Amino acid sequence: MAEQPVALVSGANRGIGREIARQLAADHGYEVLAGAREPDRAGAPDHEAITYVQLDVADQASVGRLAERVGSDPGRLDVLVNNAGIGGRTGYGARLADADLEDIKEVLETNLFGALRLTKAMLPLLEQSPHPRVVNVSSGAGQLDEMNGGIHGYRLSKVGLNALTRMLADDEAEARLLVNSMCPGWVRTDMGGPSASRSVEEGADTAVWLATLPDDGPSGGFFRDRKPIPW
């Protein structure tokens with residue numbers, strides 16, 4: 001009997017990350033490690049196959065402890081979803097000339113370097129998986145094709161995350177590791193607000209699709225609604 005596949009989802013205590021974890025467990029049979037900075041405050045898991053684990057992607061010690069834990073129990077990793085992210089304090093109407101560099105650094109530390117830090121830590125396990133996948137939860141705000149002003153740290157972090165997707169997909173092609181970015185759209189979360197046009201179920205769908213791609217699926221792409229979009 002095949003072993004139950006294992007997924008790790010960062011920022012999974014609420015919003016899109018929590019829904020990605022739920023769908024992977026409930027609809028696709030994954031054992032899911034749901035990363036949260038304060039797992040005791042996440043409430044009860046949404047499925048019996050979900051376990052909350054302490055994870056702060058901006059803290060190397062936290063990432064290192066989790067890598068050791070996953071390496072020991074369950075001892076494997078098949079899917080990594082880099083979902084953890086923050087929006088920063090800069091709004092859409094702000095000018096770059098007035099940008100707060102410390103705010104930008106803080107956003108990059110979580111959204112970009114956090115994903116890089118976690119991915120590097122988990123690569124040895126992913127490379128041992130027969131069907132490894134990495135999904136980076138990006139945003140249309142990081143599309144160079146439609147780039148404009150405001151939310152500077154957030155935009156820069158998502159541009160960088162998309163570049164990370166491309167580099168990692170190339171690096172890990174021989175290991176059959178499929179790496180893709182996705183845009184969930186405007187979703188009703190704490191970050192997106194109550195007026196957003198999409199539910200968390202809709203926002204999570206493409207990430208779950210990418211996490212469960214067949215072995216001949218795409219790698220190094222950027223997707224929304226399961227369709228490629230421009231970088």
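This report walks through the salt bridges, aromatic pairs and unusual backbone spots of a predicted model.

## Charged pairs in helix α1

Let us start with the charged side chains. Side chains of opposite charge can pair when their charged atoms come close. In this structure there are 14 salt bridges, and a few of them are worth visiting one by one.

One of them joins Asp-46 to Arg-18, with 2.8 Å between the closest N and O atoms. This pair links distant parts of the chain: Arg-18 belongs to helix α1 (residues 15-28), while Asp-46 sits in the loop between β2 (31-36) and β3 (50-54), and the two are 28 residues apart. Arg-18 is buried, since its relative accessible area of 17% falls under the 20% limit. Asp-46, in contrast, is partly exposed, with a relative accessible area of 39%.

Helix α1 also holds both members of another bridge, Glu-19 and Arg-22, which are three residues apart, about one turn of the helix. Their closest N and O atoms are 2.8 Å apart. Glu-19 is buried at 6% relative accessibility, whereas Arg-22, at 26%, is partly exposed.

## Further along the chain

Arg-117 and Glu-109 make another salt bridge, and here the closest N and O atoms are 2.4 Å apart. Once more a buried residue meets a partly exposed one: Arg-117 is buried at 16% relative accessibility, and Glu-109 is partly exposed at 28%.

Salt bridges can also be followed through several residues. Arg-89, Asp-100, Asp-103 and Glu-106 are linked in a network of such bridges.

## Two aromatic pairs

Next come the rings, which form two aromatic pairs. In the pair of Trp-209 and Phe-223, the ring centres are 5.5 Å apart and the planes meet at 80°, so the arrangement is edge-to-face. Trp-209 lies in helix α6 (residues 200-211) and Phe-223 in strand β7 (residues 222-224), so this contact ties together parts that are 14 residues apart in sequence. Trp-209 is partly exposed at 22% relative accessibility, while Phe-223 is buried at 6%.

The rings of Phe-222 and Trp-231 have their centres 5.2 Å apart, and their planes are at 25°, so this pair is stacked. Phe-222 is buried, with a relative accessibility of 2%. Its partner Trp-231 is partly exposed, at 31%.

## Unusual spots in the backbone

Finally, a look at the backbone. Most residues other than glycine have a negative phi, and most peptide bonds are trans. Against that background, three places in this model deserve a visit.

The peptide bond between Asp-73 and Pro-74 is cis, with omega at about 20°. To find it, look for Pro-74 in the loop between α2 (60-72) and β4 (79-82).

The loop between β7 and β8 (227-228) contains Asp-225, whose phi is positive, near 55°, although the residue is not glycine. Arg-226 is placed in the loop between β7 and β8 as well, and has a positive phi of about 65° without being a glycine. Asp-225 is partly exposed, with a relative accessible area of 40%. Arg-226 also counts as partly exposed, at 41% relative accessibility.

Key
Residues are numbered from 1 along each chain as its sequence is written. This is a predicted model: local features need pLDDT of at least 70, side-chain atom pairs count only at pLDDT 80 or more; totals for chains, interfaces and linings use all residues. Side-chain values use heavy atoms; hydrogens and water are left out. A salt bridge is a side-chain nitrogen of Lys or Arg within 4 Å of a carboxyl oxygen of Asp or Glu. Helices (H or I, at least four residues) and strands (E, at least two) are DSSP runs, numbered from the N terminus. Buried means under 20% relative accessible area, exposed over 50%, partly exposed in between (1.4 Å probe, protein chains only). Rings of Phe, Tyr and Trp (its six-membered ring) pair if their centres lie within 6.5 Å; planes under 30 degrees apart count as stacked, over 60 as edge-to-face and the rest as tilted.
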